[in-house]
Amino acid sequence: MQPRKTELARDALQAHRAPLDMRQRRLLILCDGQRDLAQLSAMIGPEASAMVIQLIQSGYLVSTAPPEPGPAPTPPATLPPAGAGAPVTERRRSLVSARIYLLGILELQRHPQAAALLYNLQQARSDEQVVSALHASLEALPGLTSAGYCERVRQRLFEVLPETHLAQLEQAGVVAG
């Protein structure tokens, strides 16, 4: 993703009256459609992706996909057989992806409890600690945001969470089976 400024962002930067803090203004200046999230994160810090999402939702940025080089030829031996969609889904599942996703969600919440949950999830080192922090965050999320948003976050998290860790959350009663 290569975010770029909208007309609203250009007006906000020029007028200096928009409700933006200095970090958001700096990010808007850097979002020229040429830099991707990795480059922006290197310049702004690890919270750049959450800030980009927030600015997109506020209408200051639009997301542009980087130009794709074209489809790479796939050897016939690596193509999954017809009806074998499960291995493809399983490859996308990752505890790291689940952790990063929930870190971003917690970063968007403007609540001291979300900040504490974010810190705990950042400090988790072992898989068990990460799953425990995910569990605590999912338990607290309904008190921090709307029920519909919470359910969407929960569903998306369960799509990327590996089956073994999903089973652990089911045992803890987080997943409504």
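Start by selecting Arg35 and Asp32: their side chains form a salt bridge, with the closest N and O atoms 3.2 Å apart. You're looking at a predicted model, so treat every distance on this tour as computed from that model. Colour the pair by accessibility and you'll see that Arg35 is partly exposed, at 23% relative accessible area. Asp32 is partly exposed too, with 35% relative accessibility. Side chains of opposite charge can pair when their charged atoms come close.

**More salt bridges**

How many salt bridges does the structure hold? There are six, and we'll stop at two more.

Go to helix α1, residues 7–15, and pick Glu7 and Arg10, which both lie in that helix. They sit three residues apart, about one turn of the helix. Show the side chains and you'll find them meeting in a salt bridge, 3.8 Å from N to O. Is Glu7 buried or exposed? Glu7 is exposed, with a relative accessible area of 52%; the cut-off for that label is over 50%. Arg10 comes out as partly exposed at 41%.

Now jump to helix α9, residues 147–160, and select Arg156 and Glu159. These two are also three residues apart, so about one helical turn separates them. Their salt bridge puts the closest N and O atoms 3.0 Å apart. Both ends are partly exposed: Glu159 has a relative accessible area of 46%, and Arg156 has 38%.

**Where α2 meets α3**

Time to switch to cartoon view. Two packed helices are described by the angle between their axes and the distance between the axes. Select α2 (residues 22–30) and α3 (residues 37–44): their axes come within 11 Å and cross at roughly 140°. That angle makes α2 oblique to α3, since the roughly antiparallel label needs an angle over 145 degrees. The crossing is right-handed.

Which residues make the contact? On the α2 side, show Arg23, Arg26, Leu27 and Leu30. On the α3 side, add Leu40, Met43 and Ile44. Sorted by class, this contact has five nonpolar residues, two charged ones and no polar ones.

**Where α4 meets α6**

Next, select α4 (residues 48–57) and α6 (residues 95–108). Here the axes come within 9 Å and cross at roughly 60°. The two helices are therefore oblique to each other, and α4 and α6 make a right-handed crossing. To see the contact itself, show Ala50, Ile53 and Gln54 from α4, together with Gly104, Glu107 and Leu108 from α6. The contact of α4 with α6 divides into three nonpolar residues, two polar and one charged.

**Last stop: Leu108**

Keep Leu108 selected and hide the rest of α6, the helix Leu108 lies in. What does Leu108 touch, leaving aside residues up to four places away in sequence? Show Ala50, Ile53, Gln54 and Tyr149, and you have its contacts. Of these, Ala50, Ile53 and Gln54 are the α4 residues from the helix contact you just looked at.

Finish by drawing a C-alpha to C-alpha distance from Leu108 to Glu47. The two are 61 residues apart in sequence, yet 9.7 Å apart in space.

Technical notes. Residues are numbered from 1 along each chain as its sequence is written. This is a predicted model: local features need pLDDT of at least 70, side-chain atom pairs count only at pLDDT 80 or more; totals for chains, interfaces and linings use all residues. Side-chain values use heavy atoms; hydrogens and water are left out. Axes are lines fitted to C-alpha atoms, for helices over the stretch in contact, and angles run from 0 to 180 degrees between N-to-C directions. Helices (H or I, at least four residues) and strands (E, at least two) are DSSP runs, numbered from the N terminus. Angles under 35 degrees count as roughly parallel, over 145 as roughly antiparallel, 65 to 115 as roughly perpendicular and the rest as oblique. A crossing is left-handed if the near helix is turned anticlockwise from the far one by less than a right angle, and right-handed if clockwise. Contact means heavy atoms within 4.5 Å. Ala, Val, Leu, Ile, Met, Phe, Trp, Tyr, Cys and Pro count as nonpolar, Asp, Glu, Lys and Arg as charged, and the others, Gly among them, as polar. A salt bridge is a side-chain nitrogen of Lys or Arg within 4 Å of a carboxyl oxygen of Asp or Glu. Buried means under 20% relative accessible area, exposed over 50%, partly exposed in between (1.4 Å probe, protein chains only).
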